[in-house]
Amino acid sequence: MQYIIQHISQIPTVAQLFVKDLILDPSGKLKHKKFAFSGEMGMGKTTLIVQILKVLGIKDANGSPTYSLVNEYRSEKHGKIYHIDAYRIESEIEAYQSGIEEILFENAICFVEWPEKVKNILSSEFLWVHLKQDERGFRNVNVKL
């Protein structure tokens with residue numbers, strides 16, 4: 001599955017489509033809960049995740065948890081939702097010591113940025129979402145189902 005973002009103003013629309021296509025079925029039941037967002041710095045991973053969180057009803061979503069590693073949100077409809085930024089994690093041992101593994105295996109919606117840093121502790125449930133800029137300057141959001 002692929003989404004193309006030609007301009008930053010399209011990110012909220014892509015976020016709505018992402019939620020409709022991949023997270024919630026028409027009845028509001030969860031389809032997928034685990035997402036690994038990869039791509040170079042500046043590709044828009046955080047911006048897209050924040051917009052997805054807003055579509056899911058999280059009003060206080062405001063950025064990446066780069067320094068805290070994890071932002072935890074609570075949704076009346078969907079329960080706990082985690083946004084993990086693994087950029088500063090140096091090793092899988094550090095990931096285990098920080099408690100991220102426990103979060104990854106919770107029955108909760110989870111978005112992970114820089115999943116390459118913790119790839120060996122991600123379950124097969126994770127859908128990989130890769131953001132890349134094409135030759136036109138558009139952001140391609142490719143989801144491996």
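**View 1. Lining of the largest pocket in the predicted model.** By class, 3 nonpolar, 5 polar and 3 charged residues form the lining. The lining comprises 11 residues. Nearest the pocket centre lie Met41, Lys45, Thr46, Glu113 and Trp114. The space in this pocket is about 160 Å³.

**View 2. Ser38 in strand β2 and its surroundings.** Ser38 belongs to strand β2, which covers residues 34–38. Is Ser38 buried or exposed? Its relative accessible area is 5%, so Ser38 is buried, the cut-off being under 20%. The side chain of Ser38 makes a polar contact of 2.8 Å with the side chain of His130. Residues up to four places away in sequence are not counted in the contacts that follow. Ser38 touches Lys45, Pro115 and Glu116, and also Trp128, Val129, His130 and Leu131. Lys45 also appears among the residues nearest the centre of the largest pocket.

**View 3. Pairing of strands β2 and β6.** Strand β6 spans residues 127–133. Strands β2 and β6 run parallel. They are joined by 4 bridges. Which residue of β6 is the bridge partner of Phe37? The partner is Val129. Val129 is also one of the residues that Ser38 touches.

**View 4. The hairpin of strands β6 and β7.** Strand β7 takes in residues 139–144. Here the strands run antiparallel, with 6 bridges between β6 and β7. Opposite Leu131 stands Val141 of β7. How many residues lie between the strands of this hairpin? There are 5. In the hairpin, Gly137 takes a positive phi near 90 degrees. Strand β6 thus appears in two pairings: parallel with β2 and antiparallel with β7.

**View 5. Ile5 in strand β1 and its contacts.** Strand β1 covers residues 2–5, and Ile5 is part of it. With 6% relative accessibility, Ile5 falls under the 20% cut-off and therefore counts as buried. What does Ile5 contact, leaving aside neighbours within four places in sequence? The contacts are Gln10, Ile11, Val14, Phe138, Arg139 and Val141. Ile5 and Val141 are 136 residues apart along the chain. Their C-alpha atoms are separated by 7.7 Å. Val141 is also the residue in β7 that stands opposite Leu131.

Key
Residues numbered from 1 in each chain as written. Predicted model: local features only at pLDDT ≥ 70, side-chain atom pairs only at ≥ 80, totals over all residues. Heavy atoms only, no water. 1 Å grid on protein atoms, 1.4 Å probe; cavity = no way out; pocket = protein on both sides within 12 Å on 5 of 7 lines; lining within 4 Å. Points joined across faces, edges and corners; volume = space filled by probe spheres on them. Nonpolar A, V, L, I, M, F, W, Y, C, P; charged D, E, K, R; others polar. Pairing = 2+ DSSP bridges. Buried < 20%, exposed > 50% of the residue type's maximum accessible area, 1.4 Å probe, protein only. Polar contact = N/O pair within 3.5 Å; in protein donor to acceptor, adjacent residues only side chain to side chain. Contact = heavy atoms within 4.5 Å.
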